[in-house]
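Notebook open, structure loaded. I want to go through the empty spaces, then the ligand, then a couple of local details.

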Amino acid sequence: MGMARRYGAVSGVVAAAGGLGASELLSGLFHQRVSPLVAVSESIIGLTPGSVVEFVISIVGRSDKPLLISLTLVGLAVVSAAAGVLALRSRVAAQVVFVAMGIVLVAAVHARLMPSTLTYVPAVIGVVIAMVALAWLTPFASVAAQATHPTTASARPRRQQPARRDFLLLAGSAALIAVVAGGAGRVFAQGRAAVEAARGKLRLPISKPTPPPGVDLGVPGIVPFVTPQASFYRIDTALAEPQILPTDWRLTIHGMVEHEITVTYRDLLARGLTEAWLTLCCVSNVVGGSLISNARWSGVRIADVLKDAGVHVDADAVLATSSDGWTCGTPLGALTDDRNAMFAVAMNGEPLTPEHGFPVRMVVPGLYGYVSACKWVTDLNVTRFDDFSAFWTQRGWSAQGPVKTESRIDVPQNGQSVPAGDVAIGGVAWAQHTGISKVEVHVDDGPWQVAKLGSDPSVDTWRQWVHIWHARPGTHRIQVRATDADGRTQTPVVADVLPNGATGWHTITVHVG
Ligand SMILES: Nc1nc2c(c(=O)[nH]1)N[C@H]1C(S)=C(S)[C@@H](COP(=O)(O)O)O[C@H]1N2
Ligand SMILES: [Mo]
């Protein structure tokens, strides 16, 4: 490799390393399950035939992941080096290569993480930093390369040293920053270790949840009745989620109460746990959206704890505060009536994960998360709606947030092509704390067809539905609507998620060939 190409390659690799380091740091700070680098590696596993993956694992055993990440790094390095060389001739072309790598990172992150506000930030910032770094390094690389070229070097002997030194210094510091940032990302990720260890030692009196019979209709493409932890949607404003040891956790209940009380984790467990199936839904879930998931929750009834504090008759709300400062206001009635509003300590048979509120969070049947599901809850102020506004209500969202009846088509997917003949149209529907009594589907302007329903263990969960459609060739529009147990059919009126939840019938188009 000629000197010029070598400098180009170095600047390409260093620029990419800078971007990657930054993305590792940010994803560590945001406590994302995977960084863009790991997301790419995991996607490679996903795209590799299962037999090949098994074969590789059978050879390298548990080191398959580090090995794969190393290979991904080598791959990225090779492409970046090539881009760096290319930059000496065409900066635009080199940046196009970086953008392409960025698209790969973003796509991998998209496939591996549940979308939330910060999902794509590490990958995007990483790419931008890499591109800026390349733009900075390339001129130095070309000057240094020219300076070391034998003829120009002898012609300009004094130019040689400074130019090389400048480049190496710049590239060296960029590489150093990249390594430090990447390392810091790892350290942040390890900050979880103590909490993770404490969490691992907990032996909560809960059993592995088995889905009740009939909840899963067995139709491929419909989300499972129970959402596994890893794919449970996640929404919060915490840049770095709170890391709270169970032994440090305290909940203070105060305000319009007879006795102010403080509860420890041990106090809470001593009360005995109740369990319930409960679907959690975000007010930001658009029609057809995926910000809704279902789990088995174990916890302590909030009503019982509030009874100990003695709530004043004229209170009508509870303002809950999280250890990260986030707040939500919940109608007192929803916390004291007979529904299973709870301080949850476990989800799907294991202690809450840190991102879902470990050690203790609230879950309240029938209410959107933003008015009820306070994660890392540490403070309850019994009060009146007139006397406060909470995090999202200060930002234009309604003070009250009952979950609206909705239904979603999971299969076929919008825009999909399906063969003519019998096609299963299916999905989920929910009318929380009321229950679903009927789901209907119609194709084009045909009559509404009643779908078959999966069973539901309570009125607080979503319910699967399926309808077998005799599909004829052509392009068709499919719509779904649900009716709740009180006989109210889902409104076709389209409403935006702001200020209190979307409405409208989920509509998809499929091509039958
Ligand atoms: N501390 C805290 N709790 C929070 C939030 C938050 O931003 N901070 N977001 C709420 C919102 S808007 C929703 S929809 C649910 C989501 O819970 P999950 O991330 O466990 O799915 O948590 C709620 N609890
Ligand atoms: Mo939400």
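How many cavities of 30 Å³ or more does a search of the whole structure find? I get 1. Note to self: this is a predicted model.

**Cavity.** I looked up the volume of the largest cavity and got about 70 Å³. Its lining takes in C281 and N285, then the run V286, V287, G288 and G289. Further along the sequence, I also have Y368, E406, W430, G501 and A502 on the list. Sorted by class, I count 6 nonpolar, 4 polar and 1 charged residues around the largest cavity.

**Pocket.** Next I pulled up the second largest pocket, which comes out at about 410 Å³. I find 25 residues lining this pocket, and I235, D236, C282, W326 and W392 are the closest to its centre. The class split for that lining is 14 nonpolar, 6 polar and 5 charged.

**Ligand 1.** Which residues come nearest to ligand 1? I have 19 residues around the ligand, with Y233, T237, H356, R361 and K375 nearest. Then I went through some polar contacts.
- Y233 uses a backbone N or O atom, 2.6 Å from an oxygen atom of ligand 1.
- W326 puts a polar side-chain atom 3.3 Å from an oxygen atom of the ligand. I had W326 down already, as one of the residues closest to the centre of the second largest pocket.
- A373 has a backbone N or O atom 3.0 Å from a nitrogen atom of ligand 1.

**D484.** I checked where this one sits, and D484 belongs to strand 18, residues 474-484. Buried or exposed? I log D484 as buried, because its relative accessibility is 3%, and the cut-off for buried is under 20%. I also looked for a partner for its side chain: a polar atom there lies 2.8 Å from the backbone nitrogen of D486.

**Helix 2.** Last stop was a quick length check on helix 2, residues 36-47. At 1.5 Å a residue, its 12 residues should span 16 Å. I find the end C-alpha atoms 16 Å apart, so the expected span and the model agree. For burial in helix 2, I noted P36, L37, V38, A39, V40, S41, E42 and S43 as buried.

Terms used. Residues are numbered from 1 along each chain as its sequence is written. Chains are lettered from A and ligands numbered from 1 in the order in which they are written. This is a predicted model: local features need pLDDT of at least 70, side-chain atom pairs count only at pLDDT 80 or more; totals for chains, interfaces and linings use all residues. Side-chain values use heavy atoms; hydrogens and water are left out. Helices (H or I, at least four residues) and strands (E, at least two) are DSSP runs, numbered from the N terminus. The expected span of a helix is 1.5 Å times one less than its number of residues. Buried means under 20% relative accessible area, exposed over 50%, partly exposed in between (1.4 Å probe, protein chains only). On a 1 Å grid over the protein atoms alone, a cavity is a set of points where a 1.4 Å probe fits but cannot get out, and a pocket is an open set with protein on both sides within 12 Å along at least five of seven lines; lining residues have an atom within 4 Å of a point. Grid points are joined across faces, edges and corners, and a volume is the space filled by probe spheres set on the points. Ala, Val, Leu, Ile, Met, Phe, Trp, Tyr, Cys and Pro count as nonpolar, Asp, Glu, Lys and Arg as charged, and the others, Gly among them, as polar. A residue is near a molecule or strand if one of its heavy atoms lies within 4 Å of it. A polar contact is a pair of N or O atoms within 3.5 Å; within protein, one must be able to donate a hydrogen and the other to accept it, and residues adjacent in sequence count only if both atoms are side-chain atoms.
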